[in-house]
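The following exercises ask the reader to work through a two-chain model step by step. Each task is followed by its solution.

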Amino acid sequence: MISCRNLTRRFGDFTAVDQLNLEVDKGAICAFLGPNGAGKSTTVKMMTGLLAPTSGEVRVCGLDPTAAGLELKRRIGVLPEDLGLFDDLTVEEHLLLTGDIYGVSRADTKSRTAQLLHALSLEHGRRTFAAACSHGMRKKTAFAMALLPNPQVLFLDEPFEAVDPVTAKIMRELLQSVARHGVAVFLTSHILSMVERIATQIVMIRKGKVVWNSTVGELPQSLEDHYFDLVETPVVEELEWLGPSRS
Amino acid sequence: MARPIAILKALGTAYRRDWTALQSLTGNNFFLLTLFLLQQAGIFVYLIMGLVLLFPLSTDPLRKIPPSRLALWPLTRREHWILRVASPWINPITWILAAGAIWTAGRTVSAGLWVVVAGLFVVAFALSHVPTPGRTPMWRRVPGIPGALDQLVRKNLREILSTLDFYCAAILSLSVLAWRLFGPPLPREAFMAMTVLTVGALSSYAQCLFGLDGEGGLSRYRLLPVRGWQLLLAKDAAYLMALLPLALPLAPLPALGGALMVLAVGHAPSVEHPSEQTRWRFTMGGALGNGVVQMIALAMTVSSIFSMTLWFLAPAAAIWAGSVWWYGRALERAM
């Protein structure tokens with residue numbers, strides 16, 4: 001469903017994504033991991049047609065995102081980095097808008113909206129304007145918008161950040177359910193424990209280059225240890241101004 | 001005193017950065033139109049603009065601090081009182097009113113006007129503390145239209161209703177309505193002039209149709225499977241839904257023709273040079289040239305339809321449709 005061949009994106013002298021090769025199959029949940037600034041969002045933008053590659057090739061649902069933008073947009077669901085919400089629409093109106101624009105019938109839109117609002121505990125805030133929503137509510141609204149048109153591929157940029165544990169679990173189960181129905185899920189996340197539970201494929205990127213690509217079963221150690229070994233090692237500094245330890 | 005002074009300094013900085021209201025006035029077509037064309041009669045229009053501006057400018061500066069933050073800071077009761085008393089003086093309107101009051105002391109003719117203005121200021125200041133009843137403010141309760149663009153049109157209409165341009169046009173329209181109901185008959189030409197003024201009051205908004213969508217909104221436009229012309233159509237439909245009710249006491253069909261021309265000219269800066277706008281301010285159009293072209297096209301179209309024949313509506317509609325198609329394609333390329 002997603003295929004990248006030598007995908008490269010440069011911004012002037014800076015190479016954000018460098019010769020990236022990747023395949024994601026139908027029904028797979030691919031976690032795309034890396035530190036901030038590694039090139040994750042740039043890759044997602046190229047896959048969703050928001051950014052043209054400098055060189056290389058990307059195909060999603062067999063389509064070139066740059067050439068077949070509109071056709072591709074009808075087949076994918078996206079939870080973008082900035083969530084892409086309108087301040088002047090309520091949570092419910094965002095979902096109705098999605099149904100209208102993606103050609104879902106009014107009756108189906110209403111029933112899917114009701115189900116998603118219920119599943120994501122958004123019912124109480126359905127008439128809250130996006131501008132007045134908490135970050136978690138905004139994230140859940142954008143997530144519901146991505147799911148509502150029943151896309152063939154889901155792109156989710158950090159879906160689990162800023163949501164409560166119960167909602168995170170519900171989101172995880174919803175994603176596993178859509179994957180069982182053949183939807184390819186491509187997500188980025190920094191919450192490694194959640195990734196370890198949900199992903200079927202792990203791709204790690206560092207300074208624009210893929211440094212690991214395998215199924216979860218092929219990881220030689222725990223995801224967190226492998227990530228720290230391959231991608232970045234945390235350095236903890238003592239804050240001297242805290243004074244001597246009292247414990 | 002150190003803590004209140006530090007807070008007042010920060011508030012002053014925040015207030016200065018937000019002081020876009022007067023800047024926005026100078027980039028507004030309506031201001032330019034009255035400045036260059038109306039001369040003496042412009043004073044009446046400036047009074048309307050001033051009244052519309054007074055309300056958002058009168059808000060309490062202390063409200064810039066989130067209440068939870070203010071509650072968490074280690075301030076004594078005395079320090080809270082100092083902030084309460086000193087913070088209104090960060091707002092330049094307070095100083096302008098105080099200077100006006102001193103200047104008019106002893107001038108019986110204008111002191112009353114100052115009292116009225118000061119009263120309005122106090123009302124607006126107090127109103128900014130009154131919690132809005134219900135969850136949805138009145139200006140956000142707007143009807144939709146049938147069709148796939150329903151929610152987009154609704155959103156766009158809410159955006160227009162959060163600019164001062166709309167309220168300025170509404171005051172002009174309502175003053176004509178009141179005159180027609182209670183005053184002597186107006187000369188026929190007055191309707192044409194007031195139609196040009198009312199559509200002109202909303203014309204700068206047509207140059208920055210995407211100015212209130214924010215980064216999130218623009219990002220969503222890029223993801224939605226819709227054509228550029230559909231996005232422009234949703235913007236224009238909302239614009240006409242806001243404007244046409246205001247044109248009913250004036251000359252509705254010439255207003256429609258003028259609005260179509262204003263939109264046709266406004267698509268170019270909206271798409272090619274999008275500029276971010278601030279809510280509850282007058283909108284700032286693009287380059288001066290765009291505003292001049294808009295106003296000339298508006299005046300010519302309104303006067304042609306009003307004085308000659310309704311058939312001039314047809315070329316206005318054709319030019320508008322062509323502009324939607326052309327700049328719709330440009331919008332897709334820009335996104």
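**Exercise 1: The surroundings of V203(A)**

Not counting residues up to four places away in sequence, V203(A) touches L22(A), C30(A), F32(A), L33(A), V210(A), W212(A) and N213(A). The model examined here is a predicted one.

Task: determine where V203(A) is placed and whether V203(A) is buried or exposed.

Solution. Step 1: V203(A) belongs to strand 8 of chain A, residues 201-206. Step 2: the number of C-beta neighbours of V203(A) inside 10 Å is 22. Step 3: a residue is buried if 20 or more other C-beta atoms lie within 10 Å of its own, so V203(A) counts as buried. Step 4: C30(A), one of the residues touched by V203(A), is 173 residues apart from V203(A) along the chain, yet their C-alpha atoms are separated by 7.2 Å.

**Exercise 2: The nonpolar cores**

Task: state how many residues the largest nonpolar core has, and which elements of chain B contribute to this core.

Solution. Step 1: the largest nonpolar core has 143 residues, and V153(A), V185(A) and F186(A) have the most contacts inside it. Step 2: helix 14 of chain B (residues 252-272) gives the most to this core, namely ten residues. Step 3: at least three residues of this core come from each of domain 1 (2-8 + 20-130) and domain 2 (142-334) of chain B. Step 4: a second, separate core has five residues, among them I7(B), L11(B), L62(B) and L83(B). Step 5: returning to V185(A), its contacts are I29(A), C30(A), L154(A), L156(A), L175(A), V178(A) and A179(A), when residues up to four places away in sequence are not counted. C30(A) is thus among the residues touched by V185(A), and C30(A) is also among those touched by V203(A).

**Exercise 3: The contact between the chains**

Task: describe the side of chain B that touches chain A by its elements and by residue class.

Solution. Step 1: the contact joins 22 residues of chain B to 23 residues of chain A. Step 2: helix 9 (150-161) and helix 12 (214-223) of chain B are the elements that give two or more residues to this side of chain B. Step 3: helix 12 of chain B supplies the largest share, eight residues. Step 4: by class, this side of chain B has eleven charged, six nonpolar and five polar residues.

**Exercise 4: A helix pair across the chains**

Task: classify the packing of helix 3 of chain A against helix 9 of chain B, and name the residues that meet.

Solution. Step 1: two packed helices are described by the angle between their axes and the distance between the axes. Step 2: for helix 3 of chain A (residues 91-101) and helix 9 of chain B, the angle is about 135° and the axes are 8 Å apart. Step 3: angles over 145 degrees count as roughly antiparallel, and 65 to 115 as roughly perpendicular; helix 3 of chain A is therefore oblique to helix 9 of chain B. Step 4: from helix 3 of chain A, the residues E93(A), L96(A), L97(A) and D100(A) meet D150(B), Q151(B), L152(B) and R154(B) of helix 9 of chain B. Step 5: this contact has four charged, three nonpolar and one polar residue by class.

**Exercise 5: Positive phi values**

Task: locate Q19(A) and N150(A), and state the phi of each.

Solution. Step 1: most residues other than glycine have a negative phi. Step 2: Q19(A), which is not a glycine, has a positive phi near 50°. Q19(A) is placed in strand 2 of chain A, residues 14-24, and is partly exposed, with 15 other C-beta atoms within 10 Å. Step 3: N150(A), likewise not a glycine, has a positive phi of about 55°. N150(A) lies in the loop between helix 5 (135-147) and strand 6 (153-157) of chain A. With 14 other C-beta atoms within 10 Å, N150(A) is partly exposed.

**Exercise 6: Chain B**

Task: give the helix and strand counts of chain B, then establish whether Y167(B) and R188(B) are buried or exposed.

Solution. Step 1: chain B has 16 helices and zero strands. Step 2: of its 335 residues, 39% count as buried. Step 3: Y167(B), in helix 10 (residues 164-182) of chain B, has 21 other C-beta atoms within 10 Å and is buried. Step 4: R188(B), in helix 11 (residues 188-201) of chain B, has 10 C-beta neighbours inside 10 Å and counts as exposed.

Methods: Residues numbered from 1 in each chain as written. Chains lettered and ligands numbered in written order. Predicted model: local features only at pLDDT ≥ 70, side-chain atom pairs only at ≥ 80, totals over all residues. Contact = placed C-beta atoms within 7 Å. Helix = DSSP H or I, 4+ residues; strand = E, 2+ residues; numbered from the N terminus. Nonpolar A, V, L, I, M, F, W, Y, C, P; charged D, E, K, R; others polar. Core = buried A, V, L, I, M, F, W, Y, C linked by C-beta atoms within 7 Å. Buried ≥ 20, exposed ≤ 12 C-beta atoms within 10 Å, placed from the backbone. Domains from an automatic or database assignment. Axes fitted to C-alpha atoms, helices over the stretch in contact; angles between N-to-C directions. Parallel < 35°, antiparallel > 145°, perpendicular 65-115°, else oblique.
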